[in-house]
Amino acid sequence: MADLWEELQSVANAAPASFAAAPGERGTIKAKANFNVSEDVAALRKAIEGVGTNEKTLIEILTHRSSSQKQEIAKAYRETTKRILANDLKGETHGNFEKVLVGLARPLAVNDAEWLHEALKGAGTDNNILIEILSSRTNKQIKELSAAYAEETKKTLTQALKTEVSGHYGKAIILLAEGARDENPSVNVDKAREDAQALYQAGEKKLGTDESKFIEILCKRSFPQLRQTILEYKNFSKNTLQKSIEKEMSGNLEELLVSIVKCAISTPAYFAEKLNKSMKGAGTDETTLTRVMVSRGEVDMLDIRAEYKTLYKSSLYKAISSDVSGDYADCLKMICGGDD
């Protein structure tokens with residue numbers, strides 16, 4: 001996989017549209033024209049309250065309405081029935097199908113908050129989820145998920161993280177959770193060269209590693225600026241920046257910084273790799289598969305699909321079709337939105 005990421009270095013200065021895209025622009029889940037909230041509520045009630053559940057109706061509505069339209073539906077559903085739509089979906093469906101439908105019915109920020117809460121509670125922390133969410137979200141998305149997290153748990157995300165993570169990794173994760181990455185789209189080439197040299201001197205050139213320098217640059221600079229820094233790094237080292245991090249770091253800090261580099265180069269390619277790993281080999285990691293499909297459906301699924309085809313010479317739709325089945329597969333294929 002490292003070779004594939006090296007191939008992507010060649011396009012590192014071409015900004016992927018999806019990071020700055022507004023919801024719906026690069027997603028497969030879009031707002032429905034001629035949206036009629038009362039019609040949708042009536043159809044959902046019929047699908048849920050009738051004899052047997054009409055799964056097709058649930059999939060059709062939840063994969064063909066924007067997040068804001070679905071929040072209107074949820075509000076009207078509650079006013080009409082005195083029940084919560086997500087709870088009714090939990091009662092009428094089960095397993096992975098239930099999880100994907102509930103995720104589709106909730107706001108994106110609420111999903112992120114819920115997944116982070118799950119990752120932090122109980123014995124042990126699921127660092128893979130912390131890394132995936134906090135290295136890939138925009139400042140606006142981080143602010144929104146932080147607000148949802150505080151509302152759900154009555155404590156701030158940074159407070160929760162401080163009790164669970166520590167060391168250089170903890171410092172980096174908390175910095176990301178503050179949602180203060182520079183998002184100026186313009187690139188300063190001189191600054192990128194300076195940063196690339198500073199990273200080289202803090203890592204490969206030095207006996208021991210100055211992790212703080214890597215954290216400062218990779219957690220604070222804008223993604224366009226980091227793409228330029230990744231290109232400039234080749235002027236100082238025979239290794240790519242990703243290779244250098246892999247040689248110099250280990251554990252969660254290495255995973256986090258590599259994720260940031262991958263997201264800076266191409267967030268859609270980062271998620272294409274996540275999806276491929278979730279379906280590769282014996283058994284399927286449905287938790288990751290569901291989380292990525294739900295969280296990116298309205299954001300950049302069109303770009304993820306394209307990157308998947310480029311990286312793996314096969315369509316995401318085909319991979320889903322051959323790996324999972326039933327209503328769960330039908331729902332994921334609808335989010336995927338096409339076999340190209």
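The crossing of α7 and α18 is right-handed in this predicted model. Helix α7 covers residues 95-105 and helix α18 residues 286-296, and their axes come within 10 Å, crossing at roughly 25 degrees. Angles under 35 degrees count as roughly parallel, so that is how α7 and α18 run relative to each other. On the α7 side, the residues that meet α18 are Asn96, Lys99, Val100, Gly103 and Leu104, and their partners in α18 are Glu286, Thr290 and Val294. It's a mixed bag chemically: three nonpolar, three polar and two charged residues make up this contact.

Leu104 of α7 also turns up among the contacts of Thr63, so let's hop over there next. Thr63 sits in the loop between α4 (55-62) and α5 (67-81). With a relative accessibility of 2%, Thr63 falls under the 20% cut-off and therefore counts as buried. Looking past its neighbours within four places in sequence, you'll find Thr63 in contact with Ile29, Leu104, Cys331, Met334 and Ile335. As for its side chain, a polar atom there lies 2.7 Å from the backbone oxygen of Ile59.

Now step from that loop into α5 itself, where Gln69 is found. Gln69 has a relative accessible area of 7%, so this residue is buried as well. A polar atom of the Gln69 side chain lies 2.9 Å from the backbone nitrogen of Lys32. Lys32 is also one of the residues that Gln69 touches once those up to four places away in sequence are set aside; the others are Lys30, Ala31 and Phe35.

Definitions and conventions:
Residues are numbered from 1 along each chain as its sequence is written. This is a predicted model: local features need pLDDT of at least 70, side-chain atom pairs count only at pLDDT 80 or more; totals for chains, interfaces and linings use all residues. Side-chain values use heavy atoms; hydrogens and water are left out. Axes are lines fitted to C-alpha atoms, for helices over the stretch in contact, and angles run from 0 to 180 degrees between N-to-C directions. Helices (H or I, at least four residues) and strands (E, at least two) are DSSP runs, numbered from the N terminus. Angles under 35 degrees count as roughly parallel, over 145 as roughly antiparallel, 65 to 115 as roughly perpendicular and the rest as oblique. A crossing is left-handed if the near helix is turned anticlockwise from the far one by less than a right angle, and right-handed if clockwise. Contact means heavy atoms within 4.5 Å. Ala, Val, Leu, Ile, Met, Phe, Trp, Tyr, Cys and Pro count as nonpolar, Asp, Glu, Lys and Arg as charged, and the others, Gly among them, as polar. Buried means under 20% relative accessible area, exposed over 50%, partly exposed in between (1.4 Å probe, protein chains only). A polar contact is a pair of N or O atoms within 3.5 Å; within protein, one must be able to donate a hydrogen and the other to accept it, and residues adjacent in sequence count only if both atoms are side-chain atoms.
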